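Below is a short report on a ligand site and one residue of interest. Look at the model first.

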Amino acid sequence: MSISYNIGILGATGAVGEELLTVLAERDFPVKSLRLFASERSAGTSLSWQDQQIKVEDIEKADLNGIQLAFFSAGGEASKRYAGRFLEVGAVIIDNTSAFRMEAAVPLVVPEVNPEALEQHRGLIANPNCSTIQLMAPLKALHQVAGLKRVVASTYQSSSGAGRKGMDELRDQVIKVLRFEDPNTKVFPRRLAFDVIPQIGSFEDSGDTNEEEKMINESRKILSLPELKVSTTCVRVPTFIGHCVSLNVELEQGFTMDEINQALEHAEGVLLCTDNEWPSTVDVVGQDDVWVGRLRRDRSVDNGVNLWVAADNLRKGAATNAIQIAECLIQKDLVQVKLS
Ligand SMILES: NC(=O)c1ccc[n+]([C@@H]2O[C@H](COP(=O)([O-])OP(=O)(O)OC[C@H]3O[C@@H](n4cnc5c(N)ncnc54)[C@H](OP(=O)(O)O)[C@@H]3O)[C@@H](O)[C@H]2O)c1
């Protein structure tokens, strides 16, 4: 008889939470029971999952006993506040927020790239930042061909990267602008409708935003290349779902484009578009692969390559990657907290 698990989702009513519900069902994840948690704002409402209506519980009041595997997507503050309670009942947590990603004892995992990091988990596993996740499999493939020397990533990130409220704000702004009314701005630093915003997150002393620093630090950790030169510019664009990244990569050694093509074609989780085909956000919504196009040599440096990488930020950038981590844990018999 195959084993199934008692699952909890913290942040179940959010954009990532909703996708977690969809992907759990789609992948036929072995769910014995499913409990949904959020704040008191949405406690008492119900969400449908398969043929059940499941009540959302207020995490403050919930008895967590019995939960074996928990997916967190309620923001960093909530992750920090509630992780201890889940760990106390023996649950393994897969956290979508940035709360613990850079802690040395917390594996930061993209299953196609560094599944071995899971062996060391102590109950808490971090899912990387959405824009970082989608770059990892293509970068690993390039690294295996000729060694990564320097990476320059410029992102085009959709409004759903800021959750439900981000999508709502963009929709409301678009309607207001088309009616020649003044749009409200609360989630994004400036009006996003019919514009682009080169600021995601807050500014650090370096001049980078915290989103840009996340991409730099998390890439180094996942690829186990602590000295890798990475430069990022993160830009919010007025789309709803799907992030795109223009990636410029310098490699250590010489290569042929045939080698690069082959490596990307065979990279797990990557779909390579050929013959001048390229992916847009419309192509990748609802998809789990990372789509790569516009692949070409960068002739301005010795060993350079340019590519365009698109993915669904709510799926591969969040829910799918988290569930793939859980599947990996099951495969490796690691759905338990090591006490020593
Ligand atoms: N969106 C993305 O593309 C993406 C990708 C990767 C990672 N993430 C990360 O995932 C997390 C969630 O993102 P999202 O886009 O799903 O946001 P969202 O749509 O705003 O959803 C937030 C969820 O968290 C719950 N929540 C908020 N504060 C809470 C609290 N104090 N206690 C309990 N529940 C609380 C909300 O519940 P209520 O209904 O009760 O308010 C809601 O279910 C964030 O940390 C984000 O950085 C997002």
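## Where the ligand sits

Between which domains does the ligand lie? Domain 1 (5-129 + 319-331) and domain 2 (131-313) both give residues to the shell around the ligand, so the ligand lies between them. The domain bounds come from an automatic or database domain assignment.

This is a predicted model: local features need pLDDT of at least 70, side-chain atom pairs count only at pLDDT 80 or more, and totals for chains, interfaces and linings use all residues. Residues are numbered from 1 along each chain as its sequence is written, and side-chain values use heavy atoms, with hydrogens and water left out.

## The shell

The ligand has 27 residues around it, each with a heavy atom within 4 Å. Thr13, Val16, Ser39, Ser42 and Ser160 come nearest. H4 gives the largest share of the shell, 3 residues.

## Polar contacts and burial

Here a polar contact is a pair of N or O atoms within 3.5 Å; within protein, one must be able to donate a hydrogen and the other to accept it, and residues adjacent in sequence count only if both atoms are side-chain atoms. A polar side-chain atom of Arg41 is 2.9 Å from a ligand oxygen. A polar backbone atom of Val16 is also 2.9 Å from an oxygen atom of the ligand. The protein buries 81% of the 900 Å² that the ligand exposes when taken alone (Shrake-Rupley method, 1.4 Å probe).

## Glu112

Glu112 is buried, at 14% relative accessibility (buried means under 20% relative accessible area, 1.4 Å probe, protein chains only). Its side chain makes a polar contact with the side chain of Lys316, at 3.0 Å.

Notes: Helix = DSSP H or I, 4+ residues; strand = E, 2+ residues; numbered from the N terminus. Buried < 20%, exposed > 50% of the residue type's maximum accessible area, 1.4 Å probe, protein only.
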